[in-house]
Every structure is written in C-alpha cells, then in structure tokens.
Amino acid sequence: MFTSPNFTLPMQLRWRLFYAVLLSSLLCLVIYHNSLAASKEQAKEYQVKAVYLYNFSHFIHWPDTLMLSKNMFNICILGDNPFHNTLEYVVGKEKFKEKPIKVDYFSNVVDVDECQILFISQSEQGQLKTIFEHLQYKPILTVSDMSDFVELGGMIKFYLNRKRQVRLAINPEILREARLQADANLLRISEIVSRK
C-alpha cells in the first residue's frame with residue numbers, strides 16, 4: 001500500500017505499518033461485534049478512519065519547539081462524535097515521542113488550541129468558515145470527511161472510493177502555512193488537492 005516499484009520503505013517503517021494494519025484488523029473484528037453504531041458498514045468505515053487518525057501522528061511533522069512545550073499529544077473531535085468509543089480503543093496506551101496520547105471532544109473551536117490532530121465532524125459544516133479563521137496558521141492538523149473539505153481550507157479529507165474503501169485527499173499548502181509537514185509516504189498514497 002505504501003510502496004512503489006522504485007521505492008523501498010525502511011524496515012522500521014515497514015514494521016510500524018504492519019503493526020498498524022494488524023491493529024486495524026483486530027479492532028475491526030472486536031468492534032464489529034460490540035459497536036452500537038446504527039450501521040455496520042458505517043461502523044467499519046469509522047474504525048478505519050480512527051486508525052488513520054492515530055497513524056497521522058507518525059506521518060505528520062510538528063514544529064520541534066511546539067512539541068517540546070507539550071506534555072501530551074491530543075487527538076480531538078470537534079462536534080458530533082461519529083467514532084463512538086473506537087478512537088479510544090485505537091489509541092489505547094500508545095505514546096507519541098514518550099508523551100501520552102489523549103482523546104478529547106469539543107463543541108466549540110475556541111477550546112481546541114491544545115490539539116495536535118483535530119477531526120471536524122460533519123455536524124460543523126455550517127461553521128467551517130469560523131473554524132478555519134480561528135485555526136489559521138496554528139499547527140493543528142485538520143481532518144474531516146466533509147466533501148470539499150480540503151478545497152475549502154482543510155488539510156486532510158477522508159473519502160470513499162468506488163469500492164467504498166477509505167482514501168485520503170491532502171492539501172500540502174495548508175499544512176505548510178500551519179508549519180506542518182506531511183511525510184513523503186503519506187503524500188504518495190494521497191490525492192493532492194489545491195484550495196479553491
């Protein structure tokens with residue numbers, strides 16, 4: 001998935017990706033039987049998205065000065081929570097550079113300034129302009145599954161292909177404005193999109 005004929009991943013990265021895929025598979029099996037989500041198909045979709053959210057911590061680079069000043073790595077949801085408890089299962093007791101990873105939920109964008117990754121729920125569609133104005137130039141990775149999210153100023157969008165597999169669209173320009181950098185391997189598997 002992350003390789004091309006002319007590119008070989010380092011062994012450590014291969015093992016990391018292998019364990020991420022293995023974790024995703026195990027989570028899909030466990031949560032499939034216990035999920036309270038309205039639709040089994042939607043539950044599986046958000047399990048995959050939760051694994052992606054966690055793994056972005058390995059493929060996005062935040063400013064060193066910022067990360068040195070933080071005691072925790074925060075993955076946040078703004079608005080309705082489509083993941084239910086899946087994200088907590090995925091994160092578990094994982095760490096980011098020896099920092100504990102915490103999952104937080106917010107209803108107002110003014111409260112998200114301590115987040116490193118922010119998933120913006122579809123319930124916030126009408127607030128996107130205000131959200132982007134508040135977050136402009138802040139080193140917070142914005143992610144959503146709203147249509148046109150990256151074209152309107154978001155960083156990474158989840159979308160489903162014809163086989164209903166979760167895929168990524170990314171806007172590197174917006175990441176650079178926020179002093180974030182996407183790993184080449186993440187860019188390689190993503191659709192690159194520009195802002196309108």
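Are Tyr46 and Phe83 buried or exposed? Both residues are buried. The points below concern a predicted model and take up its overall make-up, its aromatic contacts and one of its pockets.

1. Overall make-up. The protein chain contains eight helices and 10 strands. Of its 196 residues, 48% are buried. The accessible surface of the chain amounts to about 10,800 Å², and carbon and sulfur atoms account for 52% of that area.

2. Contacts along the sequence. Where contacts join residues at least 6 apart in the sequence of the protein chain, 60% of them connect residues at least 24 apart. Two aromatic pairs described below also link distant parts of the chain.

3. The pair Tyr46 and Phe83. The count of aromatic pairs comes to 10. In one of them, Tyr46 and Phe83 meet edge-to-face, with 5.3 Å centre to centre and 90 degrees between the planes. Tyr46 belongs to helix 2 (residues 40–59), whereas Phe83 sits in the loop between strand 2 (73–78) and helix 4 (86–91); the two residues are 37 apart in the chain.

4. The pair Phe83 and Phe119. Phe83 also pairs with Phe119, again in an edge-to-face arrangement, at 4.9 Å centre to centre and with 80 degrees between the planes. This pair joins the loop between strand 2 and helix 4 to strand 5 (residues 117–120), where Phe119 is found, across a separation of 36 residues.

5. Burial of these rings. Phe83 counts as buried because its relative accessibility is 1%, and the cut-off for burial is under 20%. Phe119 has a relative accessible area of 0% and is therefore buried.

6. The aromatic cluster. Tyr46, Phe83 and Phe119 are among the members of one aromatic cluster. Tyr52, Phe56 and Phe158 belong to that cluster as well.

7. The second largest pocket. This pocket has a volume of about 210 Å³. Its lining comprises 15 residues, and those nearest its centre are Phe132, Gln136, Gly153, Ile174 and Arg195. Helix 5 (128–135) and helix 7 (172–177) are the elements that contribute two or more residues to the lining. Helix 5 gives the most, with three residues.

8. Character of the pocket lining. Sorted by class, the lining of the second largest pocket consists of eight nonpolar, three polar and four charged residues.

Definitions and conventions
Residues are numbered from 1 along each chain as its sequence is written. This is a predicted model: local features need pLDDT of at least 70, side-chain atom pairs count only at pLDDT 80 or more; totals for chains, interfaces and linings use all residues. Side-chain values use heavy atoms; hydrogens and water are left out. Helices (H or I, at least four residues) and strands (E, at least two) are DSSP runs, numbered from the N terminus. Buried means under 20% relative accessible area, exposed over 50%, partly exposed in between (1.4 Å probe, protein chains only). Contact means heavy atoms within 4.5 Å. Accessible areas come from the Shrake-Rupley method with a 1.4 Å probe; for residues, only the protein chains shown count as cover. On a 1 Å grid over the protein atoms alone, a cavity is a set of points where a 1.4 Å probe fits but cannot get out, and a pocket is an open set with protein on both sides within 12 Å along at least five of seven lines; lining residues have an atom within 4 Å of a point. Grid points are joined across faces, edges and corners, and a volume is the space filled by probe spheres set on the points. Ala, Val, Leu, Ile, Met, Phe, Trp, Tyr, Cys and Pro count as nonpolar, Asp, Glu, Lys and Arg as charged, and the others, Gly among them, as polar. Rings of Phe, Tyr and Trp (its six-membered ring) pair if their centres lie within 6.5 Å; planes under 30 degrees apart count as stacked, over 60 as edge-to-face and the rest as tilted.
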